Amino acid sequence: MDMSPACLAAATKGSRTRKDSPLHMIDILVYLFENYQDLSAHPKPDALARKLSDIGFEDEDISLALVWLNGLKNTQRAEWTCSPLAQRIYTAEEQYRLGAECLSFIMFLETTGVISPHLRELVIEYAMMLDDDSIPLDKFKVIVLMVLWSREEDLEPLIVEELLYDADAELMH
């Protein structure tokens with residue numbers, strides 16, 4: 001089974017501590033995407049947790065990732081629409097935590113039609129759940145990927161490359 005550099009680093013972390021590697025939950029999410037292209041194809045939660053533990057992920061991180069992903073999977077699809085002229089106003093906390101890079105990336109995804117306003121809100125909601133004081137773009141891209149994946153959106157290969165593999169390269173530095 002092939003793993004991205006970021007997942008391989010996380011799975012073989014050996015003696016690294018939580019302080020040394022703050023990307024645990026994100027690494028698990030990337031691993032799940034890379035190994036279970038169909039979201040419903042992964043094993044039941046208990047079997048999946050055992051498998052992730054056997055690979056080397058920490059139990060606490062596994063629990064967080066599975067709860068986070070389950071919540072995302074079970075989020076109701078919104079029935080609202082908005083005018084194409086509508087503009088999203090970000091709260092001070094969103095501006096601070098997401099920063100200019102993530103906010104610009106959201107705008108890029110919306111203007112290119114990759115995400116709808118509803119998916120934008122879901123991405124922001126789930127990104128804001130991270131413990132990071134300031135959310136790095138590489139983690140944010142994984143959140144976007146997970147939201148699209150959980151909604152079984154058509155994922156163009158170039159979008160996956162932009163979201164996942166560019167993030168992997170950034171995670172390794």
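## Trp68

Trp68 sits in helix H4. The model is a predicted one. In this model, Trp68 has a relative accessibility of 6%. Buried means under 20%, so Trp68 counts as buried.

Which residues does Trp68 touch, leaving aside those up to four places away in sequence? They are Met25, Leu29, Tyr126, Met129, Ile143 and Met146. Take Tyr126 as an example. Trp68 and Tyr126 lie 58 residues apart in sequence. In space, their C-alpha atoms are 8.2 Å apart.

## Where H2 meets H4

Helix H2 covers residues 24-35. H2 packs with H4, the helix of Trp68. The angle between H2 and H4 is about 60°, and their axes are 9 Å apart. Angles of 65 to 115 degrees would count as roughly perpendicular, and those under 35 as roughly parallel. H2 and H4 are therefore oblique to each other. Their crossing is right-handed.

H2 brings His24, Met25, Ile28, Leu29 and Leu32 to this contact. H4 brings Asp61, Ile62, Leu64, Ala65, Leu66, Trp68 and Leu69. Sorted by class, the contact of H2 with H4 has 10 nonpolar residues, one polar and one charged. Met25 and Leu29 of H2 are also among the residues that Trp68 touches.

## Helix H6

Tyr126 belongs to helix H6. H6 runs over residues 117-128, which makes 12 residues. From its first C-alpha to its last, H6 reaches 16 Å. That is close to the 16 Å expected at 1.5 Å a residue.

Why is H6 described as largely enclosed by the rest of the structure? Nine of its 12 residues are buried, so the rest of the structure largely encloses H6. The buried residues are His118, Leu119, Arg120, Leu122, Val123, Ile124, Tyr126, Ala127 and Met128.

What covers these buried residues? The cover includes helix H4 (59-73), helix H5 (92-111) and helix H7 (137-150). H4 is thus part of two settings here: H4 packs with H2, and H4 helps to cover H6.

## The whole protein

How many helices and strands does the protein have? There are eight helices and zero strands. From the N terminus on, the order of elements is α-α-α-α-α-α-α-α.

The protein has 173 residues, and 46% of them count as buried. Now consider the contacts with a separation of 6 or more. Residues 24 or more positions apart account for 72% of these contacts. Trp68 and Tyr126 are one such pair: they touch, and they stand 58 residues apart in sequence.

Technical notes: Residues are numbered from 1 along each chain as its sequence is written. This is a predicted model: local features need pLDDT of at least 70, side-chain atom pairs count only at pLDDT 80 or more; totals for chains, interfaces and linings use all residues. Side-chain values use heavy atoms; hydrogens and water are left out. Helices (H or I, at least four residues) and strands (E, at least two) are DSSP runs, numbered from the N terminus. The expected span of a helix is 1.5 Å times one less than its number of residues. Buried means under 20% relative accessible area, exposed over 50%, partly exposed in between (1.4 Å probe, protein chains only). Contact means heavy atoms within 4.5 Å. Axes are lines fitted to C-alpha atoms, for helices over the stretch in contact, and angles run from 0 to 180 degrees between N-to-C directions. Angles under 35 degrees count as roughly parallel, over 145 as roughly antiparallel, 65 to 115 as roughly perpendicular and the rest as oblique. A crossing is left-handed if the near helix is turned anticlockwise from the far one by less than a right angle, and right-handed if clockwise. Ala, Val, Leu, Ile, Met, Phe, Trp, Tyr, Cys and Pro count as nonpolar, Asp, Glu, Lys and Arg as charged, and the others, Gly among them, as polar.
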